[in-house]
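Student: I should like to learn how to read a protein structure that is new to me. Could we proceed feature by feature?

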Amino acid sequence: MMIDGGLPTRQFTDVIESHTDLVDVVKFGWGTSLVTAGLQAKVDACKANGVDYYFGGTLFEKFLVQDKVDDWRRFIDSYGVTTIEISNGTIDLSNELKAEYVARFAHDYQVFSEVGLKDSAKSAEMDADEWLRDIREDLAAGAVKVITEARESGTSGIAGANGDLRGNIIDDILASNIDVDNLMFEAPTKALQIYFVERVGTNANLGNIASTDLVPLETLRLGLRGDTLMTMEERTNA
């Protein structure tokens, strides 16, 4: 998942046209879609190149906290959205209630849900059992992918405020019976990308990838960069 935090329109369309094979889906980050003058042109570029797109979960939270979910739905429908993100990373919304929204919209859209909080201090209080419970609850409600929060900075959710991965959380998630194909790990930093490529595999679902990191990430997946070269060679020759 490539995140667009406000790229100029022509730069965005160039990226999509140049790197179509490296992008499965674009997320128009947080609430940027409301202030992006060239949003329709960006959406058209995604459609023309067979790239899915959706609007950030924070946009859903903004409309929800104002009791305007119907307005949110009209807005996303006006851009032909088929994938949505349901999250509770910022507002005071229990995961149980979030899962109810997942179930509500799963009949009409492909739903990505997100687990984890954007506030680093609050996120640090979530233990592995809570992560597993919330992930399972969202999947049971109809989410096709559950995103593990890390923000675009890599300093919350599955990562600490200093950017270090909360390895115990990931260990328990990967050791559970949750299908890793149903998970998307936000990995905006090179360190996180290397970790998940080596730990989960070359086809790990990674999110919040900057447009400038699309090619570098692909080289990490293929062992064409020093950081993963020997790891991939050892796997190939094993």
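The dialogue below takes up the sheet, two helices, the salt bridges, one arginine and the backbone angles.

Tutor: Please keep in mind that this is a predicted model.

Student: Let us begin with the sheet. In what order do the five strands of the open sheet lie?

Tutor: Strands of a sheet pair through backbone hydrogen bonds, in either a parallel or an antiparallel manner. Here the order is β4-β5-β6-β7-β8, with parallel pairing. At the edges are β4 (83-86) and β8 (206-207), each of which pairs on one side only. As a detail, β6 (residues 145-148) and β7 (residues 183-186) pair in the parallel sense over three bridges, and I147 has M184 in β7 as its bridge partner.

Student: How should a helix be read? Which residues of α1 are buried?

Tutor: One asks where the buried residues lie around the helix axis. In α1 (residues 9-18), the buried residues are F12, T13, V15 and I16. These residues are on the same side of α1, because they cover an arc of only 160 degrees around the axis. The face turned away from that buried side carries the exposed residues R10, E17 and S18. The cover over the buried residues of α1 includes β1 (2-4), β2 (25-28), α2 (39-48) and α10.

Student: Which residues are buried in α2?

Tutor: They are L39, K42, V43, A45 and C46. Viewed down the axis of α2, these buried residues fall within an arc of 155 degrees, so they line one face of the helix. Among the elements that cover them are β1, α1, β2, β3 (52-55) and α4 (69-77). After α2 comes G50, with a positive phi near 70 degrees.

Student: K42 is a lysine among those buried residues. With which residue does K42 form a salt bridge?

Tutor: For a salt bridge, one looks at the two partners, their places in the chain and their burial. The partner of K42 is D4, and their closest N and O atoms are 2.8 Å apart. This pair links distant parts of the chain, since D4 is in strand β1 and K42 is in helix α2, 38 residues apart. Both D4 and K42 are buried.

Student: How many salt bridges does the structure hold?

Tutor: It holds 12. Another of them joins D138 and K98, at 2.7 Å from N to O. D138 lies in α7 (residues 128-141) and K98 in α5, so this pair ties together parts 40 residues apart in sequence. D138 and K98 are both buried. In addition, E114, K118 and E149 belong to one network of salt bridges that share partners.

Student: R221 is buried yet has no salt bridge. Which backbone oxygen does its side chain reach?

Tutor: In such a case one looks for other partners of the side chain. The side chain of R221 reaches the backbone oxygen of T202 at 2.5 Å. The nearest side chain of opposite charge, E218, is 4.1 Å away, whereas a salt bridge requires atoms within 4 Å. R221 lies in α10 (residues 214-222). Apart from neighbours within four places in sequence, its contacts are V197, T202, N203, A204, L206 and M232.

Student: Finally, the backbone angles. Are R151 and N208 buried or partly exposed?

Tutor: Phi of R151 is positive, near 65 degrees, and R151 sits in the loop between β6 and α8 (167-175). R151 is partly exposed, at a relative accessible area of 29%. N208 also has a positive phi, near 60 degrees, and its place is the loop between β8 and α10. N208 is buried, at 3%.

Definitions and conventions. Residues are numbered from 1 along each chain as its sequence is written. This is a predicted model: local features need pLDDT of at least 70, side-chain atom pairs count only at pLDDT 80 or more; totals for chains, interfaces and linings use all residues. Side-chain values use heavy atoms; hydrogens and water are left out. Helices (H or I, at least four residues) and strands (E, at least two) are DSSP runs, numbered from the N terminus. Buried means under 20% relative accessible area, exposed over 50%, partly exposed in between (1.4 Å probe, protein chains only). Lys and Arg count as positive and Asp and Glu as negative; His and the chain ends are not counted. A polar contact is a pair of N or O atoms within 3.5 Å; within protein, one must be able to donate a hydrogen and the other to accept it, and residues adjacent in sequence count only if both atoms are side-chain atoms. Contact means heavy atoms within 4.5 Å. The arc is that of the directions from the helix axis to the C-beta atoms. Two strands pair if DSSP finds at least two bridges between them.
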